[in-house]
Amino acid sequence: MRELSEIRQDINRVDSAIRELFLLRMSLALEVAKTKAQSDDKIYKPDREAEIVEKRSAGMEEELQLKYVSLLQSMIRASREYQYSEILRQTPEKFPFYPAETLAKPKTVFYQGVPGAYQELAARALFPSCEPQNVPTWEQVFQSVRDGKADIGVVPVENTTAGTVSEVYDLLLDYDLYINRSYIKKISHCLAAVPGTKLEDVKRVCSHPHALPQCHSFISEHDLEAIEVANTAIAAQNVQKKGDKSLAAICSQEAAVRYGLDILAEGINDMQHNETRFIAVSKTLTCQPEDNRIEIAFHIPNASGTLITVLDTIAHYGIDMTEIHSRPLKDSPWCYVFYVDFTGNMRDHAVQSLLYQLHEELPYIKVIGSYCVPNE
Ligand SMILES: C=C(O[C@@H]1C=C(C(=O)O)C=C[C@H]1O)C(=O)O
């Protein structure tokens with residue numbers, strides 16, 4: 001039997017030979033890419049890749065064949081990524097997405113609900129010089145922006161306890177709007193009722209469908225009946241209008257004060273670290289120098305391993321994925337649209353190469369936003 005160190009020296013020699021061959025293969029791939037660029041041909045040739053995999057691995061013993069195919073596939077993907085990156089360096093006009101530099105100073109900002117809603121607070125924080133206006137539904141916020149009645153809509157997209165606000169994501173695509181800003185707000189809910197109410201008088205509690213699960217423990221400990229309403233501030237308004245001591249609202253302190261309610265309990269959310277992310281949407285895709293997040297929506301081909309390939313491709317460009325979720329495609333049962341957030345700025349070369357590649361290789365992709373998450 002040979003010494004371990006001796007075998008390892010042979011492995012090192014093989015690795016060095018593979019390295020040289022890898023570099024040679026990459027330079028050949030680049031030559032191919034330049035030829036393709038001249039004739040405006042596509043980089044991705046799935047038939048040629050399938051032929052390489054089949055012919056080069058033919059006749060191998062099955063177990064090693066599987067490993068070799070995976071090695072070949074990963075080398076070919078690296079070759080494609082390199083080609084996209086180099087082609088874009090030489091012909092930057094091939095980048096398929098054109099964000100505007102900045103957002104024109106908004107005059108009209110809409111939110112859903114009534115004054116005192118968390119969305120109003122977020123709208124004021126994002127656009128301090130505007131007087132936000134309210135409409136009854138999220139759909140009306142999106143409609144108003146699409147029809148030009150509002151420059152900006154401010155809506156919630158995610159809560160750290162209750163999760164993604166799916167309806168807002170569906171509306172983003174339905175109304176073809178873009179995310180331009182993001183704002184994370186600490187959410188501390190209180191229980192508010194008409195003046196003179198004691199905690200033991202309260203039997204029912206109303207609030208937004210996302211706020212109720214954030215206070216699940218409090219609601220069950222006090223054996224309260226939970227009633228869904230369109231907005232936390234609307235809940236406070238309802239309690240004021242009804243004047244019934246058995247009904248309380250889960251809302252912000254601001255909403256309780258605005259509707260003249262007594263605060264019976266504060267910070268009633270299950271998780272003390274409870275935050276909601278709000279976004280500002282408009283008709284324009286923008287990219288500001290300080291933006292450090294991009295969000296895309298895409299469909300994947302109906303084949304195994306395609307989602308993992310997309311996620312791997314993101315990592316191959318040295319980009320960090322920060323969030324992923326999916327929504328059903330309403331017109332194609334059991335098919336999904338995926339939403340992915342990742343770090344970077346749309347002016348970065350790595351981000352542009354990634355987006356160029358995904359645009360060329362996926363059946364559908366849309367950049368749905370560029371925004372800044374502070375403190376990074
Ligand atoms: C190099 C080419 O471009 C791409 C990369 C391939 C590779 O690295 O072998 C094969 C097919 C294409 O998807 C080519 O078309 O030959």
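## The largest pocket

In this predicted model, the largest pocket has a volume of about 590 Å³. Its lining takes in 25 residues, and if you want to find the middle of it, look for Y44, E49, R77, R80 and T309, the closest to its centre.

Four helices each put at least two residues into that lining: α2 (46-57), α3 (62-90), α11 (306-316) and α12 (349-361). Sorted by class, the lining of the largest pocket comes out as 11 nonpolar, nine polar and five charged residues.

## The second largest pocket

Next up is the second largest pocket, with about 340 Å³ of space. Here 14 residues make the lining, and R25, V32, R48, I52 and S79 are the ones nearest the centre.

Helices α1 (4-38), α2 and α3 each hand over at least two residues to the lining of this second largest pocket. The top contributor is α1, which gives five residues. The class split for the second largest pocket is six nonpolar, two polar and six charged residues.

## Where the ligand sits

So which of the pockets does the ligand sit in? The ligand is found in the second largest pocket. Around the ligand there are 13 residues, with R25, K36, K45, E49 and S79 the closest.

R25 and S79 turn up twice here: both are among the residues nearest the centre of the second largest pocket, and both are among the closest to the ligand. E49 also has two roles in this picture, being one of the residues closest to the centre of the largest pocket and one of the closest to the ligand.

## The shell around the ligand

The shell draws at least two residues from each of α1, α2 and α3. For the ligand shell, α3 gives the most, with four residues, while for the lining of the second largest pocket the biggest share comes from α1. By class, the shell residues are five nonpolar, two polar and six charged.

## Polar contacts to the ligand

Two backbone positions come up when you look at the ligand's oxygen atoms. A backbone N or O atom of K45 is 2.8 Å from a ligand oxygen, and a backbone N or O atom of I43 is 3.4 Å from a ligand oxygen. On the side-chain end, Q83 places an N or O atom 3.2 Å from an oxygen atom of the ligand.

How much of the ligand does the protein bury? On its own the ligand exposes 360 Å², and the protein buries 91% of that.

Technical notes: Residues numbered from 1 in each chain as written. Predicted model: local features only at pLDDT ≥ 70, side-chain atom pairs only at ≥ 80, totals over all residues. Heavy atoms only, no water. 1 Å grid on protein atoms, 1.4 Å probe; cavity = no way out; pocket = protein on both sides within 12 Å on 5 of 7 lines; lining within 4 Å. Points joined across faces, edges and corners; volume = space filled by probe spheres on them. Nonpolar A, V, L, I, M, F, W, Y, C, P; charged D, E, K, R; others polar. Near = heavy atom within 4 Å. Polar contact = N/O pair within 3.5 Å; in protein donor to acceptor, adjacent residues only side chain to side chain. Areas by Shrake-Rupley, 256 points an atom, 1.4 Å probe, with all protein chains shown as cover. Sits in = over half its atoms within 2 Å of the grid points.
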